[in-house]
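Let's take a look at how the parts of this model fit together. Here is the structure, and a short tour follows.

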Amino acid sequence: MNISKFFERFGLCKSDIEKILDFALSKGGEFSELFLEHRICKSIIMEEGIIKESSENIIYGAGVRVFSGDSIGYGYTNDLSMESLKKVALTSASISKNSSGLKIKQLSPLKISKSLYSVSNPFHKEKILNKFEFVKRVYNSAKNYDSRIKNVRIYLEDEIQYVLIANSEGLIVSDERPLVKIICISVAEKNGRRDYGYFGGGGRVGIEYFKDKYTPEKIGEQASQEAILLLDAREPPAGEMPVILAPGHSGVMIHEAVGHLLEADFNRKKTSIFWDKMGQKVASSQVTVYDDPTIPNFRGSLNVDDEGTIPKKTLLIENGILKGLLQDRLSSKIMKMPLTGHGRRQNYKFIPIPRMTNTYVEKGEYSPEEIIKSVKKGFYALKYQGGQVEDSGKFTFSVSLGYLIEDGKLTAPVKQATLIGTNIDILNKIEMVGCDVEFGMQTGTCGKNGQSVPVTDGCPTIKISRMTVGGRK
Amino acid sequence: MKNSKENLITLAEYLVEFGRKKGADEIEVSILQENEFNVHIRMKEIESLVEAHSKKLQIRIIKDKKIAVSTSEDFSQEILENLISTTLERAKISNPDDFIGLPEKQELKVDLDSLNIYDSKILELSPEEKINFAVQIERIALMDKRISNSHGVTFGTKEIERILVNSKGFEGQYSETVFSISIGLQAEKKGEKVDGFWYCAKRHFGELDKPEEIAREAVRRTVRQLGARKVKTQNVPIILEPIITAELLSFLFTCVSGISIYRKSSFLVDKLGEKIANDSINVIDNGLMRGKLGTRPFDNEGMLTRKTYAIKRGILENYLCNSYSARKLNLKSTGNCTGRGVGPNNFYLVPGKKSQEEIIKSVDKGLLVTRTIGHGFNPVTGDISRGAFGLWIEKGEIAYPVSEITISGNLGRILKDISIIGNDIDFRSHYAGPTIKIEEMTVGGI
């Protein structure tokens with residue numbers, strides 16, 4: 001990545017950036033940072049047999065952050081003239097009221113040795129007519145899957161994000177992040193009963209990604225297959241029972257039950273149930289959890305985080321023992337712990353905060369078959385709409401498709417159930433961890449403090465001895 | 001840098017003209033300019049303070065009944081002219097759709113001042129005053145010994161200017177303000193933590209609840225969850241607090257949105273004119289209510305907002321539409337265009353006469369839902385399944401808090417099962433409703 005190209009993109013040179021960082025420190029702050037972003041997002045919507053809409057969105061702006069003690073001053077603008085940036089820097093600087101004249105260090109570029117998102121055919125460079133064709137293939141596959149499919153909608157979004165990050169400690173680094181996501185939603189109808197299925201794929205990938213496992217045809221087919229299956233799905237059972245989580249999509253469980261509460265900000269504030277449990281046993285000894293921003297081409301992966309830190313694969317729980325936190329710059333400074341490269345922001349309008357990237361449960365020793373066989377009567381959770389957690393550890397996730405387990409076999413499909421529990425309790429009730437780690441759909445977005453960022457999660461087949469399933473009686 | 005309103009209107013007019021000259025059949029330019037202030041206080045210290053100005057421009061171009069859209073935050077003339085050309089090219093190669101088109105021009109009749117959605121106090125309020133307001137709320141809340149920790153208090157203000165110009169001759173602009181405050185607390189007893197939240201958002205600074213009121217309510221909502229029990233799985237009457245009724249209305253909105261209807265993604269498809277709810281149910285969308293958060297003179301494509309019954313005496317009266325979904329369904333737009341879809345103005349359930357206390361008294365055994373978490377709602381079927389927190393009711397009295405439960409039901413059924421509507425409607429977002437009683441839902445527990 002050639003940093004001078006980034007200077008050109010934002011119409012600023014190195015000495016301009018140094019000046020802005022200096023202005024930001026002029027009122028006594030201890031640290032200043034400039035985040036420049038140019039992002040081009042393109043989207044296509046297909047429905048009712050036609051391309052309904054295409055759009056191109058240009059996101060362009062700068063954010064200036066200043067630390068003064070544990071307080072942050074922040075400002076942003078779309079106007080990247082020096083006059084405007086100086087004003088933003090001085091506004092952010094006013095978080096500090098002293099006037100100690102800390103000077104910035106000279107900027108020296110941080111090199112990224114190998115990009116995690118190198119692709120052979122970048123999506124954002126593809127001709128729009130080819131993208132239309134691509135979307136139509138997904139559409140046709142979904143529509144022609146079954147005569148009961150009444151409506152199909154396809155969303156294709158691709159973006160290229162250019163960021164340049166510089167700070168008063170002398171860091172300057174750039175990154176160029178591609179991201180693609182395709183989603184197919186199929187609505188099926190039979191005898192006046194309707195339901196919908198959903199499937200998708202993507203990541204920081206090129207066109208080649210869609211040639212193999214996730215062909216356009218496969219994506220359409222999977223969505224329609226789910227919609228048809230749900231037409232005959234039953235109401236979920238209600239009450240406490242053994243629950244088996246399917247590999248892949250069920251990663252949302254670990255995202256909600258573990259990941260969020262190990263984000264450093266909730267721990268330094270002592271609101272997370274985990275804050276005083278470092279080194280203690282918080283889960284069954286079969287449970288090991290990582291957050292790994294370095295998996296090539298994954299949706300949550302980052303060459304550098306949004307504060308310019310090179311991220312590390314981070315161990316969160318090892319054999320049930322709490323081992324680590326996801327850090328950003330502010331929390332790591334206050335907690336005096338090393339950076340892990342998990343400082344992320346939705347865009348230049350937001351202050352970075354600790355976030356997950358690609359979170360997963362490490363494989364265990366059981367085969368999925370023997371796990372299912374071990375349950376006489378229970379619930380198997382396969383596809384999800386999402387989840388939510390509270391700092392107190394209470395979490396829920398919504399299952400859009402599951403199965404009943406009867407006598408060690410998956411039997412009737414089940415729709416719309418909610419699973420609810422308290423994290424440490426549920427983590428200790430994990431009885432069996434499978435050997436079949438998979439990741440979810442590479443379409444996930446995580447929300448926190450009003451900021452959305454792309455993430456993935458994964459897990460093997462997991463058995464929870466008892467959990468509350470919310471269904472109807 | 002902030003641009004004057006006049007400059008931005010001139011820019012929008014110029015771009016519409018430029019697009020027409022380039023060959024667009026129809027073109028619409030909308031501009032949003034925003035000043036944001038946000039301070040987050042935690043444990044009496046400023047955690048973060050944000051002050052910023054930003055703007056965004058959106059272009060919609062139609063050529064031979066084909067549409068393309070673009071947005072830009074870069075306002076340089078060269079970039080914008082180029083964007084119009086590329087958007088036009090994109091429209092040309094898209095697919096024709098007979099239902100596409102900008103709405104016919106409507107003359108603005110409503111007097112902006114009468115809508116009362118702008119408070120000039122926003123220009124006078126100093127950062128110190130805003131910081132103090134937030135600090136005060138947290139200080140009062142933390143005085144309560146049962147509160148063990150704070151998620152912090154956020155005070156935010158927004159001043160937004162909207163401009164819309166299109167090739168049909170529509171030209172409109174308005175300014176609006178929002179003042180908002182939110183607080184999160186944690187209480188702890190014998191190692192059990194409970195979280196509680198409260199918020200208030202208004203068009204006018206003077207309408208915000210007083211700091212003591214916000215703090216007191218946040219504390220009450222947090223500590224009442226201490227000592228929560230689990231309950232057995234059972235079917236019981238359910239009472240929803242006003243903010244939970246508002247959540248239910250947001251689900252209902254999705255199901256009456258013209259877009260969900262033409263996509264057949266709602267359980268209310270083909271039900272216009274049918275009885276879908278109790279006689280006592282009246283649900284209205286109204287963009288013209290004085291000073292409310294969902295109030296605006298015109299929608300995002302220049303249709304005048306109005307008062308529309310979605311449900312009147314239990315009958316499904318209208319789907320809520322933008323001009324596209326209206327044409328698809330052979331209906332009229334109801335002034336609900338937001339972004340590129342359909343959204344609520346002020347969407348609310350008309351209140352009844354009973355107080356919350358009276359409603360609780362009517363329940364022998366049941367649940368008062370105070371908070372929900374999770375995402376379990378399927379508009380296609382109307383099925384609802386969510387994690388919930390609440391207070392268990394026995395013999396008409398609050399008995400004890402409950403947590404780790406789920407509530408499940410179906411919106412179609414719920415609309416018929418609402419047996420009592422309270423008088424305590426509370427407008428805190430675009431959705432509002434009073435306390436309601438639903439005759440039966442499933443509570444999932446142990």
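How many residues of chain B are in contact with chain A, and how many of chain A with chain B? Keep in mind that this is a predicted model. The count comes to 58 residues on chain B, which are in contact with 68 residues of chain A.

## Where the two chains meet

Let's start on the chain B side. Strand β2 of chain B, residues 45-63, gives the most to the side that touches chain A, with 11 residues. As for the kinds of residue on that side of chain B, you'll find 28 polar, 16 charged and 14 nonpolar.

β2(B) also pairs with a strand from the other chain: its partner is strand β3 of chain A, residues 71-77. The two run in the parallel sense, and the pairing covers 3 bridges. To spot it on screen, look for A:Tyr74, whose bridge partner in β2(B) is B:Val50.

## Inside chain A

Now for chain A by itself. The domain assignment splits out domain 1, made of 3-43 + 55-109, and domain 2, which covers 239-470. Measure from C-alpha centre to C-alpha centre and the two domains of chain A lie 34 Å apart.

The two domains do touch: 12 residues of domain 1 are in contact with 7 residues of domain 2. On the domain 1 side, the elements giving two or more residues are β1 (31-47), β2 (50-68) and β3 of chain A. β2(A) has the largest share there, with 6 residues. That side of domain 1 divides into 7 nonpolar, 3 charged and 2 polar residues.

Definitions and conventions:
Residues numbered from 1 in each chain as written. Chains lettered and ligands numbered in written order. Predicted model: local features only at pLDDT ≥ 70, side-chain atom pairs only at ≥ 80, totals over all residues. Helix = DSSP H or I, 4+ residues; strand = E, 2+ residues; numbered from the N terminus. Nonpolar A, V, L, I, M, F, W, Y, C, P; charged D, E, K, R; others polar. Pairing = 2+ DSSP bridges. Domains from an automatic or database assignment.
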